[in-house]
Amino acid sequence: MSALKPHLSLSQIINMNVGFFGIQFSFGLQQANMSPIYQYLGADESKLPLLWLAGPVTGLLVQPIVGAMSDRTQSRWGRRTPYFLIGAILCSLGLLAMPYSPTLWFAAGLLWILDAANNVTMEPYRAYVSDRLNQDQHARGFLTQSAFTGLAQTLAYLTPSLLVWMGMNKDAVGDNHIPKPR
């Protein structure tokens, strides 16, 4: 029988799940923008489904492995935090590098890395709710994650329009034909 965990307030539950917003924002950015990036780099529309295989294949392989590893991890930062940190750093680097992809296969490789990093972070984050909350608070914890999922996905899909609204010239492109900031 496990020890009783402290009862967390709604604001503490929201605070512990803010990182899930970031994971979902990263997933949303790749879902909303990879097909146009692939097309800017010369991908034929008929090849886009093949290029999108990275996500399902990576999730199928990475999530169960990382989930099992994080269940057994012992560190001074806890079981889940090292995975949050590694995944977040790799996601950030992948998102920052993606618009500078020089070739189609470079972008596809970055998507694979980005998707793996998102999965490295997401699976332990799901378990984090169970780790931190008592059974009677699980519903609130998972509902908070779901709310952040919807909010982050919506914001990610709106981001290109928001960037144009804030002054980014959608017609200014780099050497790789991908729109770039001024």
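The legends below describe close-up views of a predicted model of a single protein chain.

**View 1. The whole chain, an arrangement of helices without strands.** The predicted chain has 6 helices and 0 strands, and read along the sequence it follows the pattern α-α-α-α-α-α. Taken along the principal axes, its C-alpha atoms fill a box of roughly 60 × 35 × 30 Å. Of the 182 residues in the protein chain, 40% count as buried. Among contacts with a separation of 6 or more, 74% are accounted for by residues 24 or more positions apart.

**View 2. Helix α1 and its kink at N33.** Helix α1 (10-40) has 31 residues and reaches 44 Å from its first C-alpha to its last, which is close to the 45 Å expected at 1.5 Å a residue. A kink of about 45° nevertheless lies at N33, shortly before the proline P36. After the helix comes G42, a residue whose phi is positive, near 100°.

**View 3. Helix α4 and the helices that it packs against.** Helix α4 spans residues 81-97, and its 17 residues reach 24 Å from the first C-alpha to the last, close to the 24 Å expected at 1.5 Å a residue. Its buried residues are P82, Y83, F84, G87, C91 and G94, and these pack against α1, α3 (54-72) and α5. Residues three or four places apart in an α-helix point the same way, because there are 3.6 residues a turn. Within the buried set of α4, F84, G87, C91 and G94 follow one another at such spacings.

**View 4. Helix α6, with its buried residues and its kink at T159.** Helix α6, residues 138-165, has 28 residues and reaches 39 Å from its first C-alpha to its last, close to the 40 Å expected at 1.5 Å a residue. The residues buried in this helix are H138, G141, T144, Q145, F148, A152, Q153, A156 and T159, and what covers them includes α1 (10-40) and α5 (104-132). T159, one of those buried residues, is also where a kink of about 45° lies, shortly before the proline P160. Following α6 is G167, whose phi is positive, near 120°.

**View 5. The largest pocket and the residues that line it.** About 800 Å³ of space lies in the largest pocket. Of the 27 residues lining this pocket, those closest to its centre are N33, P99, L163, M168 and P179; N33 is also the site of the kink in α1. Helices α1, α4 and α6 each supply at least two residues of the lining, and the largest share, 9 residues, comes from α1. Sorted by class, the lining has 21 nonpolar, 4 polar and 2 charged residues.

**View 6. F106 in helix α5.** Is F106, which has its place in helix α5, buried or exposed? With a relative accessible area of 41%, F106 is partly exposed, because this value lies between the cut-off of under 20% for buried residues and that of over 50% for exposed ones. The C-alpha atoms of F106 and N17 are separated by 32 Å, and the two residues lie 89 residues apart along the chain.

Terms used:
Residues numbered from 1 in each chain as written. Predicted model: local features only at pLDDT ≥ 70, side-chain atom pairs only at ≥ 80, totals over all residues. Heavy atoms only, no water. Helix = DSSP H or I, 4+ residues; strand = E, 2+ residues; numbered from the N terminus. Expected span 1.5 Å × (residues − 1). Bend = angle between axes of the 7 residues up to and from the residue. Buried < 20%, exposed > 50% of the residue type's maximum accessible area, 1.4 Å probe, protein only. Contact = heavy atoms within 4.5 Å. 1 Å grid on protein atoms, 1.4 Å probe; cavity = no way out; pocket = protein on both sides within 12 Å on 5 of 7 lines; lining within 4 Å. Points joined across faces, edges and corners; volume = space filled by probe spheres on them. Nonpolar A, V, L, I, M, F, W, Y, C, P; charged D, E, K, R; others polar.
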